[in-house]
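Got the viewer open? Load the model, switch to cartoon view, and keep the selection box handy. We'll hop from stop to stop.

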Amino acid sequence: MTAFLRVLAVDDEPPALDELAYLLRTDPRVARVHTAGDATEALRLLRDTDVDAVFLDIRMPGLDGMELARVLRRFARPPAIVFVTAYDDGAVDAFDLGVTDYVRKPVRTERLAESLRRVAEARVIPAQRAAMARGEDDPTIPVELAGTTRMLPRSAVRWVEAQGDYARLHTADGSHLVRVPLATLAERWADAGFVRIHRSYLVQLRLIAELRLANSGYVVVVDGSELPVSRRHTRELKDRLVRAAKQDWNR
């Protein structure tokens, strides 16, 4: 299961916050967990950070969880809200706000997993269903876009750049960082025409407009961008380009 959800845990009690953050991190769907000790800190963090869901306590000093939820619902792209509380007297008001789930403390792993399933279904499954309705036979990969997880078709990817244990997918209108190693994508996408040109780059072969010798070695041009070709991959890339050209001529 690929980790793709970014979540924020909010609780004014440090032990409870640490436990909630720990449980969230152990779920394979969660890519990143942010924490905040109160609503003010949460809002400060959300000014610069997009998240898919906020897991928050209700009874907190200052701005409480219910009031914070009302603020979050006014966001242009509101995150899913899951209340995590020791009390059940706020359940009716919570669901009037359209929250995704209401979890009682102490939090059990399986109960939290159910909440994350609901969050993922609410934010990701609609995109998958839309793709199926269009009859697309194009594998997708979940990416973050302005606080929303969307399913990016593989066909939209022009080239891939390695960034540590992550990979940055470059498309015609931007790029997306995903928690998948480049080597994994190179293996999975080989049959779709993606070729390794460098230890840090994977390119869609049919989109290579030019292969030329530069000062530091060979480069390819894709969508106007120059990407380096390592020595070990140069010969194979030339052969692949020649074979592809012959196939086009013979059609």
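**Stop 1: Thr-234**

Select Thr-234 to begin: its relative accessibility is 11%, so Thr-234 counts as buried (buried means under 20% relative accessible area, exposed over 50%, partly exposed in between, with a 1.4 Å probe and protein chains only). Thr-234 sits in helix 8, residues 231-249. Helices (H or I, at least four residues) and strands (E, at least two) are DSSP runs, numbered from the N terminus.

Before moving on, a word on the ground rules. This is a predicted model, in which local features need pLDDT of at least 70 and side-chain atom pairs count only at pLDDT 80 or more, while totals for chains, interfaces and linings use all residues. Residues are numbered from 1 along each chain as its sequence is written, and side-chain values use heavy atoms, with hydrogens and water left out.

Which residues does Thr-234 touch, not counting those up to four places away in sequence? Show Tyr-218 and Val-229 as sticks: Thr-234 touches both, where contact means heavy atoms within 4.5 Å. Now add His-198, which is 36 residues from Thr-234 along the chain; their C-alpha atoms are separated by 8.9 Å.

**Stop 2: the three-stranded sheet**

Select strands 13, 14 and 15. They form an open sheet in the order 13-14-15, with antiparallel pairing; two strands pair if DSSP finds at least two bridges between them. Strand 13 (210-214) and strand 15 are at the edges with a single partner strand each, so one side of each has no neighbour in the sheet. On average, neighbouring strands here are turned by 35° against each other, direction ignored. Axes are lines fitted to C-alpha atoms, for helices over the stretch in contact, and angles run from 0 to 180 degrees between N-to-C directions.

Zoom in on strand 14 and strand 15, an antiparallel pair with four bridges. Val-221 is the residue to pick here, as it stands opposite Glu-226 in strand 15.

Next, click Asp-223, in the loop between strand 14 (217-222) and strand 15 (225-228). Check the backbone: phi of Asp-223 is near 55°, a positive value in a residue other than glycine. Most residues other than glycine have a negative phi, and most peptide bonds are trans. With 42% relative accessibility, Asp-223 counts as partly exposed.

**Stop 3: the five-stranded sheet**

Jump to the open sheet of five strands, where the order is 2-1-3-4-5 and the pairing is parallel. Its edges are strand 2 (30-36) and strand 5 (101-104), each with a single partner strand, so one side of each is left without a neighbour in the sheet. From one strand to the next, the twist averages 20°.

Helix 1 (residues 14-25) packs on this sheet and touches strand 1 (5-10), strand 2, strand 3 and strand 4. Its direction makes about 170° with that of strand 2.

How many bridges join strand 3 to strand 4? Select residues 53-56 and 80-85: four bridges join these parallel strands. Phe-55 stands opposite Val-82 in strand 4. Helix 3 (residues 65-72) lies across strand 3 and strand 4, and runs at about 175° to strand 4.

**Stop 4: a helix pair**

Keep helix 3 and add helix 2 (residues 39-46): they pack at an angle of about 20°, with their axes 10 Å apart. Helix 2 and helix 3 are therefore roughly parallel to each other (angles under 35 degrees count as roughly parallel, over 145 as roughly antiparallel, 65 to 115 as roughly perpendicular and the rest as oblique).

Switch on side chains. On the helix 2 side, Ala-39, Ala-42, Leu-43 and Leu-46 meet Leu-68, Val-71 and Leu-72 in helix 3. By class, this contact has seven nonpolar, no polar and no charged residues; Ala, Val, Leu, Ile, Met, Phe, Trp, Tyr, Cys and Pro count as nonpolar, Asp, Glu, Lys and Arg as charged, and the others, Gly among them, as polar.

**Stop 5: a cis bond and a hairpin**

Go to Lys-105 and Pro-106, joined by a cis peptide bond with omega about -5°. Pro-106 is in the loop between strand 5 and helix 5 (109-123).

Last selection: strand 9 (residues 166-171) and strand 10 (residues 174-178), an antiparallel pair with five bridges. A hairpin joins the two through two residues, and Arg-168 stands opposite Leu-177 in strand 10.

**Zoom out**

Show the whole chain: eight helices and 15 strands. Of its 251 residues, 43% count as buried.
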